[in-house]
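Thanks for coming, everyone. Please have the structure open while I talk. I'll go through it piece by piece.

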Amino acid sequence: MTEPSRDWLFESMSQYCESAARRVDVEERQFRIGGQAIRLRFVGALPPATLTRAFAHLAVPLDADPDLTVSLFDGASAVVPPPFLLKAYLSALAHNWREFVDARGALIHFHELPLMAAYHPGTDVLSLLHTERRVGFYFRRNAQQIPYYEVASPLRTLLHGWFRSQGRQFVHGAAVGTPAGGVLLAGRGGAGKSTAALACLGSGLLYAGDDYCLVKGAPEPHIFSLYNNCKLIGDADLRRFPGLAARVWNTERTAGDKPTVFLQEHWPEEVSEGFPLRAILVLRVSGRGDTRLLPARGMDALTAIAPSTMAQLPASGAADLHFMKELVHSVPAWVLEVGTHLGQIPATIQALLARMSG
């Protein structure tokens with residue numbers, strides 16, 4: 001695909017969106033994410049309350065010029081049809097997406113900034129981002145129900161593309177800490193990140209993420225919160241935390257959906273916008289009673305973070321891997337061997353942070 005073709009797709013989507021915005025209601029909301037003002041512009045029927053629920057703890061007034069503006073709209077409520085060529089392209093993309101995207105959803109020939117694009121058939125979302133113009137588009141062809149995982153972690157592709165252009169990195173991991181500093185909890189899916197993060201509620205440690213966090217690297221590593229929800233494996237996790245089941249958002253779940261709790265709605269004082277990063281803890285479930293810290297190498301931390309991060313984010317590549325390699329060499333790492341006595345998890349983390357600051 002030639003460079004004019006790349007520009008054509010972005011310009012066509014921009015014109016289509018603005019044509020719709022002249023005919024339907026537009027609602028704007030703004031958030032402070034990763035230290036930047038991100039404005040979300042809802043054009044038509046896509047529900048702002050649904051797609052901003054995960055960002056509620058980061059909401060700010062619309063009184064600052066945004067660093068990035070993302071327009072969210074759908075073909076069903078746009079009132080006007082897309083131009084003929086764009087309509088044909090969108091239809092071909094939806095019905096023959098395997099010919100257009102790579103294994104992680106990035107549109108072929110759209111891997112390089114300043115212009116990137118991705119399509120996810122499960123959510124039927126086309127994401128477009130132009131980093132030089134500081135503009136993004138989030139488009140669905142129809143207004144069908146939004147899957148739970150998109151409500152829990154919205155705009156992942158767009159935000160990943162934007163923040164990598166700003167020298168910051170999406171990381172698959174959880175984070176807890178205090179304003180003085182905290183830890184990144186790393187590990188493969190099912191390693192216990194959600195359990196460990198939930199175990200810290202009410203302990204004095206604040207929650208900054210369960211599945212994804214945003215990280216700034218050296219010389220002063222910092223974790224920024226992205227989403228305020230916690231996703232659990234299933235009923236077994238719910239039984240570990242009495243009273244949590246009553247706060248689950250998606251009570252009617254299909255097979256494979258994870259129970260999801262939006263912490264900002266129940267424990268707003270426990271949710272943090274972020275803190276300095278002091279250490280990376282690689283989680284391992286021991287099956288024993290006690291939780292303990294064991295020595296770890298930077299390679300252990302990289303192995304716990306990089307594969308799952310890069311597998312889930314379109315257009316991840318050498319730059320992302322380099323960032324994570326630098327990160328694991330800039331902060332110390334331990335193995336957090338998680339036991340069955342959940343109260344020992346926050347106590348162990350607090351003791352580590354106190355020792356590091358002492």
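**A walk through the strands and helices**

Let's start with a pair of strands. Strand β9, residues 174–178, joins strand β10, residues 181–186, through 5 bridges, and the two run antiparallel. They form a hairpin, with 2 residues between them. For a landmark, find G177. It stands opposite G182 in β10.

Is β10 mostly covered or mostly open? Mostly covered: 6 of its 6 residues are buried. One thing to say early: this is a predicted model.

Now the other pairing of β10. It pairs with strand β16, residues 274–285, in the parallel sense, over 5 bridges. Two pairs help you see the register. L184 has I280 as its bridge partner in β16. A186 stands opposite V282 in β16.

Stay on β16. Which way does strand β13 run against it? Antiparallel: β13, residues 222–225, is joined to β16 by 3 bridges. Look for F224, whose bridge partner in β16 is G274.

Strand β18, residues 333–338, also pairs with β16. Those two run parallel, with 6 bridges joining them. There, L283 stands opposite L336 in β18.

Next, the open sheet. How many strands form it? The count is 7, in the order β3-β1-β2-β4-β7-β6-β5, and the pairing is mixed. At the edges stand β3, residues 59–60, and β5, residues 115–120. Each of these has a single partner strand, so one side of each is left without a neighbour in the sheet.

Let's step across the sheet. Begin with strand β1, residues 26–33. It runs antiparallel to β2, and 8 bridges join the two. E27 has F42 in β2 as its bridge partner. β1 and β2 form a hairpin, again one with 2 residues between the strands. In that turn, G34 has a positive phi of about 60 degrees.

Now β2 itself, residues 36–43. Why do we call it largely enclosed by the rest of the structure? Because 8 of its 8 residues are buried. Both faces are covered. On one side you have Q36, I38, L40 and F42, and on the other A37, R39, R41 and V43. Note the two arginines on that second side, R39 and R41, which are buried too.

Move on to strand β4, residues 68–74. It pairs with β2 in the parallel sense, over 6 bridges. V43 stands opposite F73 in β4. Then comes strand β7, residues 135–140. It pairs with β4 in the parallel sense, also over 6 bridges. L72 finds its bridge partner, Y138, in β7.

What lies across this sheet? Helix α5, residues 156–165, lies across β1, β2, β4, β5, β6 and β7. It runs at about 15 degrees to β6, which is residues 125–130. Of the 10 residues of α5, 7 are buried, so the helix is largely enclosed by the rest of the structure. The buried ones are T157, L158, L159, H160, G161, W162 and F163. Just after the helix comes G167, with a positive phi of about 80 degrees.

One loop residue belongs here. T131 sits in the loop between β6 and β7. Is T131 buried or exposed? Buried, at a relative accessible area of 14%, where the cut-off is under 20%. Which residues does T131 touch, leaving out those up to four places away in sequence? They are L113, P114, G161, W162 and S165. G161 and W162 were on the buried list for α5 a moment ago.

Last stop: two helices. Helix α8 covers residues 298–312, and helix α9 covers residues 318–330. They pack at an angle of about 150 degrees, with their axes 9 Å apart. α8 and α9 are therefore roughly antiparallel to each other. The crossing, as α8 passes α9, is right-handed.

Who makes the contact? From α8, it is G298, A301, L302, I305, A306, T309 and M310. From α9, it is L321, M324, K325 and V328. By type, that contact splits into 8 nonpolar residues, 2 polar and 1 charged. Look at the spacing on both helices. An α-helix has 3.6 residues a turn, so residues three or four places apart point the same way.

That's the tour. Questions, please.

Definitions and conventions:
Residues numbered from 1 in each chain as written. Predicted model: local features only at pLDDT ≥ 70, side-chain atom pairs only at ≥ 80, totals over all residues. Heavy atoms only, no water. Axes fitted to C-alpha atoms, helices over the stretch in contact; angles between N-to-C directions. Helix = DSSP H or I, 4+ residues; strand = E, 2+ residues; numbered from the N terminus. Parallel < 35°, antiparallel > 145°, perpendicular 65-115°, else oblique. Left-handed = near helix turned anticlockwise from the far one by under 90°. Contact = heavy atoms within 4.5 Å. Nonpolar A, V, L, I, M, F, W, Y, C, P; charged D, E, K, R; others polar. Buried < 20%, exposed > 50% of the residue type's maximum accessible area, 1.4 Å probe, protein only. Pairing = 2+ DSSP bridges.
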